[in-house]
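Q: I am new to this structure and would like a close look at one part of it. Please take me through the surroundings of the ligand, and then show me how they fit into the rest.

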Amino acid sequence: AAPLAIVRGTGAAADSGIVMRTGEAFQTFRLVRRIVLDKTGTLTQGRPTVRAVEAVDGDTEALLEVAAGAESPSEHPLARAVVTAARERGLRVPDAQEFHSVTGSGVRATVHGQAVLVGQPAFLTDNGVDLTTVTARIDQQQAAGHTVVVIAVAGAVHGLIALGDQLRADAADAVARMRAAGLDPVLVTGDNERAARRVADELGITQVRAGVRPEGKAEIVRELQADNTRVAMVGDGINDAPALMQADVGIAAGGGTDIAVESADIVLLRDEVTAALDAREISTRSYHRTR
Ligand code: ADP
Ligand code: MG
């Protein structure tokens with residue numbers, strides 16, 4: 001397409017709250033046949049709330065307090081939800097020392113002088129924490145479609161927090177439009193299989209990859225690019241950045257983190273997934289107009 005197509009398209013996109021950051025992605029979008037969708041913050045609102053707190057010793061307030069302390073420096077939506085839940089219950093959130101975040105897994109910090117881990121079950125077992133006493137409860141919460149974070153203090157499991165997130169209002173419409181446009185959707189998430197399946201089933205997505213690390217997301221995009229297939233990726237988080245760079249068209253969802261925005265070819269300013277389809281239509285239209 002002529003540069004004029006890009007100039008026109010850029011203007012049309014801006015009117016729809018879409019920023020086209022690269023001319024190339026603009027021209028490639030009409031050739032895309034597969035679209036990778038991040039779950040949390042892309043298909044869901046990314047504003048999880050705490051649905052259940054279960055302590056091994058029954059003291060749910062102490063559990064929530066220590067978890068909130070460890071999570072307080074984290075920007076992750078799950079961390080924000082844990083801190084909010086603690087404040088809402090009138091708890092004082094303790095300070096965290098030696099805070100360390102492991103993207104796509106969880107956090108580690110010292111709270112009240114003790115080593116605390118908060119994160120997905122695999123993150124705790126990788127760190128040598130025995131989860132057998134809470135396995136049944138984890139299963140139960142995940143079966144309910146919840147994201148489960150487990151808390152360990154001084155190497156021993158202390159309990160779990162189950163969180164839920166709502167689908168974006170336009171997510172189902174967006175997936176239907178993707179199919180109609182010949183884009184094959186694939187849901188990819190760092191979250192557990194059951195929470196992922198539940199979202200996929202509600203939206204009519206059949207391809208699901210769960211429990212995926214940030215590098216794994218980029219690897220999946222690469223796999224899907226086999227046979228020269230053009231692949232788009234929509235994501236919002238730090239954990240999505242490598243996959244957004246790997247994709248032929250990387251799209252940062254509305255409200256995406258700075259790193260996601262910097263890694264993307266297209267930035268959606270609207271808080272709607274359907275904006276990705278609008279971006280595709282604008283690029284296709286402006287291409288045809290000048291051909
Ligand atoms: P997604 O791919 O769905 O956007 P992430 O890759 O950000 O999710 O996170 C994957 C999983 O890692 C989460 O579902 C959660 O279990 C765990 N996790 C990541 N960050 C944190 C955190 N700050 N606190 C607790 N758990 C976390
Ligand atoms: Mg996300």
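A: Happy to. Let us begin with residue classes: Ala, Val, Leu, Ile, Met, Phe, Trp, Tyr, Cys and Pro count as nonpolar, Asp, Glu, Lys and Arg as charged, and the others, Gly among them, as polar. Please keep in mind that this is a predicted model, in which local features need pLDDT of at least 70 and side-chain atom pairs count only at pLDDT 80 or more, while totals for chains, interfaces and linings use all residues. Residues are numbered from 1 along each chain as its sequence is written, and chains are lettered from A and ligands numbered from 1 in the order in which they are written.

Now to the ligand itself. Around ligand 1 there are 23 residues, where being near a molecule requires a C-beta atom, placed from the backbone, within 6 Å of it. Thr40, His76, Gly104, Gln120 and Gly190 come nearest. By class, this shell holds 14 polar, five nonpolar and four charged residues.

Which elements build the shell? At least two residues each come from helix 3, helix 5 (77-88), strand 5 (106-111), strand 6 (114-119) and strand 7 (147-153). Here helices (H or I, at least four residues) and strands (E, at least two) are DSSP runs, numbered from the N terminus. Helix 3 gives the most, with three residues.

The shell also draws on both domains, taking at least three residues from each. Domain 1 covers 3-45 + 166-290 and domain 2 covers 49-164, with bounds from an automatic or database domain assignment. Their centres, taken over C-alpha atoms, are 30 Å apart. The contact between them takes 13 residues from domain 1 and 10 residues from domain 2; two residues are in contact if their C-beta atoms, placed from the backbone, lie within 7 Å. On the side of domain 1 that touches domain 2, helix 3 (39-43) and helix 9 (193-203) are the elements that give two or more residues. Helix 9 has the largest share there, three residues. This side of domain 1 has six polar, four charged and three nonpolar residues.

Strand 7, one of the shell's suppliers, leads to another local feature. Ala154 sits in the loop between strand 7 and strand 8 (156-164), and its phi is near 50 degrees, a positive value in a residue other than glycine. Ala154 counts as exposed because it has 10 C-beta neighbours inside 10 Å; the cut-offs are 12 or fewer other C-beta atoms within 10 Å for exposed, 20 or more for buried and partly exposed in between, with C-beta atoms placed from the backbone.

To complete the picture, here are the nonpolar cores. Such a core is a set of buried Ala, Val, Leu, Ile, Met, Phe, Trp, Tyr and Cys residues joined through C-beta atoms within 7 Å. The largest has 54 residues, and Val36, Ala232, Met233 and Ile251 have the most contacts inside it. Not counting residues up to four places away in sequence, Ile251 touches Ala232, Met233, Val234, Ala264, Ile266, Leu268 and Ala276. Apart from this core lies another, of 35 residues, including Ala70, Ala86, Ala109 and Leu124. In soluble globular proteins, nonpolar side chains tend to be buried together.
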